[in-house]
Amino acid sequence: MRRLPQYAALAAYVVFLAFPLLWLLSTALKTPQEMALADPTWIPREPTLANFTDAFGEQDLVGAAARSLGVALASSVVTVVISLPAAYAMARYRGLVNKIAIGWVLVSQVFPFILIIIPLFMILRDLELVNTLPGLVVVHVTFTLPFALWMLQGYVRAVPPELEEAAAVDGATRLRSIVSVVAPLLAPGVVATLLFAFISSWNEFMFALVILQNPDVMTLPLTLVRFTGPEGVARLGPLAAASLMATIPSLIFFAIIQRRLKSGLMAGAVKG
Amino acid sequence: MTATATRPAPPRRPHARPRRVSRQTREMWLLMLPALVPVLLFSVGPLLYGIALAFTDARNTRNHETSFVGLENLTELLTAEDFWSSFRIGAIWAVSVTALQFLAALGLALLLNENLRFRGVARVLAVVPWAMPPVVIGLMWKLVYHPDAGILNALLGTDVNWLADFSLALPAIIVVGVWTGMPQTTVVLLAGLQGIPRELYEAGEVDGASRWRRFWNITLPQLRPVIVAITSLDFVWNINQFGLVYVLTQGGPGGQTRLPMLFAYEEAFRYRFAGYASMLGLAMAIVVLAVLGLYLWRELRETR
């Protein structure tokens, strides 16, 4: 009984968190007739999966998902490949460069994207990369890089340098010791960083909006917005169904990474 | 030093000390290089370019002769009513979302830290908004706020077009902002709570301190570094928010939810005033750095 207020507060939070989700799910399962009722119903009377199939008919969801997948895969792999050595250097060497690198990681979080996105758009336009997926990959790599560096250098720091020193005593070259001693221990961190970069790219909206204006090359978030129509008039059922489908990769990611979240990913913003 | 000098011990590494330092530096640069090149080309470069653009009349069109105009963009900005309304909306948005996010997350973190039943469910649920694409969050809340098919009007028995109402649109998107950012703040605060040594509470209990006193004198001071870090980050993210509000209202009705980033986006990519929009970005950066600097400085002084 003493705990009653606490349970009430918990219940209030759960309702606040869950009710938009439940409404999304409910809307996705409704028929157009039920949607038009004056009094909306929580539980669909005749649940249907038609909205899911309709969603594919209304927008090029398969193509958009394929493009998002390609961009996210390319961006995450490139991000990790180029930030891994740099993260190693940040963790293992001290010096001015190191301080500048850390300072830049912090600064890059503070500056409004608009200050970067306008010149970047102009550069990409001159390189004929606007409205292309490689153009978007370049942008996504640039914007996931700071945080990937930050995550990875944390993981490198967690590997005791003594292990490398021991390998050096045994006559291993630095490269050799990195490959056979450090790399295996870093594997979980690399996977986490890959997933982080993948999801950031998969969810990213603002840069995609600026870089991709042609519907034929739009990624999934941009395609989802097209469901709302020019005047905000939308077919709500397919919109809800498509939204749910777009969330699945992120949910899988969080199911995998959930245990790590609390400790490691303090600033792991998956920004919009 | 003299002891080692007399002994001709074979050095473990082939190089003498001074040369090893320079080799290390070279190695470090080599390792940094693959990340350094794209960072300089596509991040630091554009940032500096963007700052320079703020002082020109650049237009976001090809073949436009750009010339240096000094502070003209700034004076134009400071005399534009649109800028001040956007600035005011941005301030209300960032401060209220950050504050509400923090308070809600602190409450939730304290609850999840207790031995309550169902806290597992609440914990999983708390992470869900974090896992959703921001665009989906925007669309989902559009469904909730929908004037006809939305659940909110049905629940409240009202007939309001939440996102199109002049006085309700901003509060409505603030709720969505809190919903979106709260889980992340909660997870961070929860991690902070779990890092507080139990002995402190036990000592407090022995001294007969009430729950409230223990919270005020142990939890809050211990949590302070975490609080400072997460509220600063939340503030920066919130002031730079774009996608969520773009999806929800596109800045409408009548500019009532036009956050500074939406304003800048419109100026740069709809009206194509790249120089003007860059000055807006620069002004926002300076304001954010000033606010944040002041906050962090005060916090640092108080902890000493």
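Q: How many residues do chain B and chain A each bring to their contact?
A: In this predicted model, chain B contributes 99 residues and chain A contributes 81 residues.

Q: And what area do chain B and chain A bury between them?
A: About 8500 Å² is buried between chain B and chain A, and carbon and sulfur atoms account for 78% of that area. On the chain B side, Phe42(B), Trp130(B) and Leu143(B) supply 8% of the area buried against chain A, more than any other three residues.

Q: How many salt bridges and polar contacts cross between chain B and chain A?
A: The rule finds 1 salt bridge across the interface. It also finds 9 residue pairs in polar contact, counting pairs with both residues at pLDDT 80 or more.

Q: Which helix gives the most to the side of chain B that touches chain A?
A: Helix α2 (residues 17-53) of chain B does, with 20 residues. The residues on that side of chain B divide into 72 nonpolar, 16 polar and 11 charged.

Q: Back to salt bridges: where do Arg3(A) and Glu114(B) sit?
A: Arg3(A) lies in the segment before α1 of chain A, whereas Glu114(B) lies in the loop between α4 (81-113) and α5 (119-131) of chain B. Their side chains meet in a salt bridge at 3.3 Å, N to O. Arg3(A), Glu114(B) and Arg211(B) are linked in a network of salt bridges.

Q: Why does Arg3(A) count as partly exposed?
A: Arg3(A) counts as partly exposed because its relative accessibility is 26%, and the class runs from 20% to 50%. Glu114(B) is also classed as partly exposed, at 21% relative accessibility.

Q: How many salt bridges does the structure hold over all chains?
A: The structure holds 9 salt bridges over all chains. One of the salt bridges within chain A joins the side chains of Glu58(A) and Arg235(A) at 2.8 Å, N to O. This pair links distant parts of the chain, 177 residues apart: Glu58(A) is in helix α3 (residues 50-58), and Arg235(A) is in the loop between α11 (220-226) and α12 (236-264) of chain A.

Q: What are the relative accessible areas of Glu58(A) and Arg235(A)?
A: Glu58(A) is partly exposed, with a relative accessible area of 31%. Arg235(A) is partly exposed as well, at 41%.

Q: What about Arg258(B) and Glu266(B), are they buried or exposed?
A: Arg258(B) is buried, with a relative accessible area of 16%, and Glu266(B) is buried at 10%. The two residues form a salt bridge in which the closest N and O atoms are 3.4 Å apart.

Q: Changing topic, how many helices and strands does chain A have?
A: Chain A has 12 helices and 0 strands. Its C-alpha trace spans about 75 × 65 × 30 Å along the principal axes. Of the 272 residues of chain A, 53% count as buried. Among contacts in chain A between residues at least 6 apart in sequence, 71% join residues at least 24 apart.

Q: Which domains does the assignment give for chain A?
A: The assignment gives domain 1 (1-48) and domain 2 (60-269). The centres of the two domains of chain A, taken over C-alpha atoms, are separated by 34 Å.

Q: What area is buried between domain 1 and domain 2 of chain A?
A: The area is about 470 Å², with carbon and sulfur atoms giving 87% of it. In domain 1, Leu24(A), Ala28(A) and Met35(A) lose the most area to domain 2, together 69% of what that side buries. The rule finds 0 salt bridges across this interface. Helix α1 (residues 4-28) of chain A provides the largest share of the domain 1 side, 4 residues. The residues of that side divide into 4 nonpolar, 1 polar and no charged.

Q: On backbone geometry, what kind of peptide bond joins Gly252(B) and Pro253(B)?
A: A cis peptide bond joins Gly252(B) and Pro253(B), with omega about -5°. Pro253(B) lies in the loop between α11 (243-248) and α12 (260-270) of chain B.

Q: What is phi of Asn131(A), and where does that residue lie?
A: Phi of Asn131(A) is near 65°, a positive value in a residue other than glycine. Asn131(A) lies in the loop between α6 (113-126) and α7 (133-157) of chain A, and it is partly exposed at 26% relative accessible area.

Conventions:
Residues are numbered from 1 along each chain as its sequence is written. Chains are lettered from A and ligands numbered from 1 in the order in which they are written. This is a predicted model: local features need pLDDT of at least 70, side-chain atom pairs count only at pLDDT 80 or more; totals for chains, interfaces and linings use all residues. Side-chain values use heavy atoms; hydrogens and water are left out. Domain bounds come from an automatic or database domain assignment. Buried area is the accessible area (1.4 Å probe) that two parts lose on being put together, summed over both. A salt bridge is a side-chain nitrogen of Lys or Arg within 4 Å of a carboxyl oxygen of Asp or Glu. Helices (H or I, at least four residues) and strands (E, at least two) are DSSP runs, numbered from the N terminus. Ala, Val, Leu, Ile, Met, Phe, Trp, Tyr, Cys and Pro count as nonpolar, Asp, Glu, Lys and Arg as charged, and the others, Gly among them, as polar. Contact means heavy atoms within 4.5 Å. A polar contact is a pair of N or O atoms within 3.5 Å; within protein, one must be able to donate a hydrogen and the other to accept it, and residues adjacent in sequence count only if both atoms are side-chain atoms. Buried means under 20% relative accessible area, exposed over 50%, partly exposed in between (1.4 Å probe, protein chains only).
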